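Colleague: I would like a close look at one part of this model, the way its pieces pack against one another. Please take it step by step, as for someone in a first year of study.

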Amino acid sequence: MPTSTRIAIRQAIAAKLYGSDTFLTGTATAAGSTTTMVDTKLVSTVAGANQYVGYWLYCDTTTASAAPEGEARMVSQYAPSTGTLTVDPAFTVAVGTGTAATYELHPVLHPDRLNEAINWALEFGSNEAYAAIAQADDDTTTNAIYDLDILMEGALYYLKQGWSHDQRLDPERRAELTEQWQQHYENWKRGLAELVGYRRPTLVAEGSQ
Amino acid sequence: MAWATANLQQVRVEVLRRLYAYRDNITGTGSGGGSVSLIEDTGTTDGVTLESAVYSNNDFIGAWAYVPSVAAPKVSRVTQYDRDAGTLTLSPALGATAASVAYEIHWLIPPDRLNDWILQRSREGSSGAMVTIAEATAINISKFTLAEGVLADALRWLAKRESGPGRQLMEQEAAHHEQLWLERLALEGLNPLVNRLNVKREQTEAASVLRRF
């Protein structure tokens, strides 16, 4: 039976959703505070000070899975010269450094939406044979899944469909997202039926039996 | 294995997540407040917070706040938002103080409308067995199945507020959810007669035209 961790699934989905240009993962290189996180990888002489403002900084793992693991905060300031991100409101506990503080930077959707999409694709796609990954679970806990690539198609269908409802987007972008979620849905449905073996009922119109 | 039951809150949350995936705040747990205000400035309970230096003070205005655990009225509309304090000011007043309890933000569709649709879909899916549903009533239909039916209703409702390509996209998606609702009902073994009638209803040109009004 295939297995994976939520962190691996979420990062794979985010990379596909946003492209590697805008979705970033990293490790804090110096001790931060409850409102700052420092990573020298973010130092840039090209990026503007607004580059990451509005992004979600998500603390994905910490030592012993303690806070602020699992907390997401919106970036309110970015200092390109030092690679420092400031968030508001504050994390509940100061951000650490090194392996004690790995993070993800999500440009648009709240990371909770990605976790919800993973659970939905897992439960809905398996006809509830697989249970959702509990929110309290450590992100690095191994969980049984039906197939990583197929699960990702289901989660991307969920996310892009929800994203396409955003009336602030222009009609062309919404149409593009709609085309994409339709394609993800077809891939997911086909993968579930042909590769995993989850059959769906055939609906028969009255009078045609 | 029996299918899991659902209650109103579970189905509402499922629908909110699907409708407003692009929104940061959908559900949360308050850290303070009263009958005319809702505060969440810590995010300690669930990692979600209403406070943000990045939002504008116009965000949230016009949205509905729904607090399931208070006495009726559980619904109120956001009239003011203070981004620094993470406070939503509500009008009219909720039926009781809403401090430190779970809340929902309904951005476009009034929560009572969602509850109506859940009731209608529950009645249809149960062949009339579920007539009245309270907040904690266990509905013998999966939340995922009910969410598909309610999403079809919600998308049609939203489509009527749009015009041009946006409306077409909404109608197209509503039809997709209607199909999934029927498939999921069949999967749960719920009243195939209703399923067949629905297929017929959905596939007629007349039904397609009627849904637009």
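**Domains, contact and cores**

Modeller: This is a predicted model, and chain A is a good place to begin. The domain assignment splits chain A into domain 1, residues 24-106, and domain 2, residues 111-196. Taken over C-alpha atoms, the centres of domain 1 of chain A and domain 2 of chain A are 26 Å apart. Where these domains touch, domain 1 of chain A supplies 8 residues and domain 2 of chain A supplies 5 residues. On the side of domain 1 of chain A that touches domain 2 of chain A, the elements giving two or more residues are strand 4 (56-61) and strand 7 (102-106) of chain A. Strand 4 of chain A gives the most to that side, with 4 residues. By type, the residues on that side of domain 1 of chain A are 3 nonpolar, 3 polar and 2 charged.

Next comes the contact between the chains. Here 34 residues of chain A meet 33 residues of chain B. On the side of chain A that touches chain B, two or more residues come from each of strand 5 (72-79), helix 2 (111-125), helix 3 (148-163) and helix 4 (171-196) of chain A. The residues on this side of chain A are 14 nonpolar, 10 polar and 10 charged.

The nonpolar cores can be taken next. The largest nonpolar core has 78 residues, and the members that touch the most others are Ala155(A), Leu159(A) and Val150(B). Helix 3 (residues 143-159) of chain B gives the largest share of this core, 10 residues. Another core, of 23 residues, lies apart from the largest one, and its members include Leu24(A), Cys59(A), Tyr78(A) and Ala101(A).

Leu159(A) can also be followed on its own. With neighbours within four places in sequence left aside, Leu159(A) is in contact with Leu17(A), Leu109(A), Arg113(A), Leu114(A) and Ala117(A), and also with Ala21(B).

Last, there is chain B itself. Chain B contains 6 helices and 7 strands. Read from the N terminus, the order of elements in chain B is α-β-β-β-β-β-β-β-α-α-α-α-α. Chain B has 213 residues, of which 43% count as buried. If contacts in chain B are limited to residues at least 6 apart in sequence, 63% of them join residues at least 24 apart.

Definitions and conventions. Residues numbered from 1 in each chain as written. Chains lettered and ligands numbered in written order. Predicted model: local features only at pLDDT ≥ 70, side-chain atom pairs only at ≥ 80, totals over all residues. Contact = placed C-beta atoms within 7 Å. Nonpolar A, V, L, I, M, F, W, Y, C, P; charged D, E, K, R; others polar. Domains from an automatic or database assignment. Core = buried A, V, L, I, M, F, W, Y, C linked by C-beta atoms within 7 Å. Buried ≥ 20, exposed ≤ 12 C-beta atoms within 10 Å, placed from the backbone.
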